[in-house]
Amino acid sequence: MGELGIRNRRHRQGEIAYIVHPRAWGRGVGTAIGRELLSRGFGELGLHRIYASCDTPATSRRPGCWPGSA
């Protein structure tokens, strides 16, 4: 499940957020959601920049998310 929001319409900036249940980790679900959101943002909405952050428990060492990257 994910969402794409407009952060600043004048500067054509957006923001994506999505969550994947731990049981689905490692199956490419997050990658597929991210690609689709980016495709829609840059393609359909014509955004120039899309922001994202990673919110993860401090003990997590999942690939793609590093402590302090949010």
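Q: Leaving aside its neighbours within four places in sequence, which residues is leucine 38 in contact with?

A: This is a predicted model. Contact here means heavy atoms within 4.5 Å. Once neighbours within four places in sequence are set aside, leucine 38 touches Ile16, Gly43 and Ile50. Leucine 38 itself is a residue of helix H1. Its C-alpha lies 9.4 Å from that of glutamate 15, and the two residues are 23 apart in sequence.

Q: Is leucine 38 buried, partly exposed or exposed?

A: A residue is buried under 20% relative accessible area and exposed over 50%, with partly exposed in between. Leucine 38 has 32% relative accessibility, so it counts as partly exposed.

Q: What pattern does the protein chain follow along the sequence?

A: The elements are read in order along the sequence, giving β-β-α-β. That makes one helix and three strands in the protein chain.

Q: How do strands E1 and E2 run, and how many bridges join them?

A: Strand E1 covers residues 2-8, and six bridges join it to E2 in an antiparallel arrangement. One pair to look for is isoleucine 6 with its bridge partner in E2, glycine 14.

Q: How do E2 and E3 run?

A: E2 and E3 run parallel, with three bridges between them, and E3 spans residues 49-51. Glycine 14 appears again here, with isoleucine 50 as its bridge partner in E3.

Q: Where in the structure does arginine 12 lie?

A: Arginine 12 is found in the loop between E1 and E2. The hairpin of these two strands has four residues between them.

Q: What phi does arginine 12 have?

A: Most residues other than glycine have a negative phi. Arginine 12 is not a glycine, yet its phi is positive, at about 55 degrees. With a relative accessible area of 43%, arginine 12 is partly exposed.

Q: Is glutamine 13 buried or exposed?

A: The same cut-off applies: buried means under 20% relative accessible area. Glutamine 13 has 13%, and therefore it is buried. Glutamine 13 belongs to strand E2, residues 13-18. Beyond its neighbours within four places in sequence, glutamine 13 has contacts that include Ile6, Leu47 and Tyr51.

Q: What lies over the face of tyrosine 51?

A: A charged side chain can sit over a ring, and the distance is then taken to the ring centre. Here arginine 7 lies over the face of tyrosine 51, 3.8 Å from the ring centre. Arginine 7 is also among the residues in contact with glutamine 13.

Q: How many aromatic pairs are there?

A: Rings pair if their centres lie within 6.5 Å. The count of aromatic pairs comes to zero.

Q: What does a polar contact join to arginine 40?

A: A polar contact is a pair of N or O atoms within 3.5 Å. The side chain of arginine 40 makes one of 2.6 Å with the side chain of glutamate 36. Arginine 40 is placed in helix H1, residues 29-44. Its relative accessibility is 41%, so arginine 40 counts as partly exposed.

Q: Which residues is arginine 40 in contact with, leaving aside its neighbours within four places in sequence?

A: These are Leu4 and Leu45. Leucine 4 and arginine 40 are 36 residues apart along the chain, with 8.5 Å between their C-alpha atoms.

Q: What share of the residues in the protein chain is buried?

A: Buried residues make up 21% of the 70 residues. The accessible surface of the protein chain is about 5600 Å², and carbon and sulfur atoms hold 52% of it.

Key
Residues are numbered from 1 along each chain as its sequence is written. This is a predicted model: local features need pLDDT of at least 70, side-chain atom pairs count only at pLDDT 80 or more; totals for chains, interfaces and linings use all residues. Side-chain values use heavy atoms; hydrogens and water are left out. Buried means under 20% relative accessible area, exposed over 50%, partly exposed in between (1.4 Å probe, protein chains only). Accessible areas come from the Shrake-Rupley method with a 1.4 Å probe; for residues, only the protein chains shown count as cover. A polar contact is a pair of N or O atoms within 3.5 Å; within protein, one must be able to donate a hydrogen and the other to accept it, and residues adjacent in sequence count only if both atoms are side-chain atoms. Rings of Phe, Tyr and Trp (its six-membered ring) pair if their centres lie within 6.5 Å; planes under 30 degrees apart count as stacked, over 60 as edge-to-face and the rest as tilted. A charge sits over a ring if NZ of Lys or CZ of Arg is within 6 Å of the ring centre and within 35 degrees of the ring normal. Two strands pair if DSSP finds at least two bridges between them.
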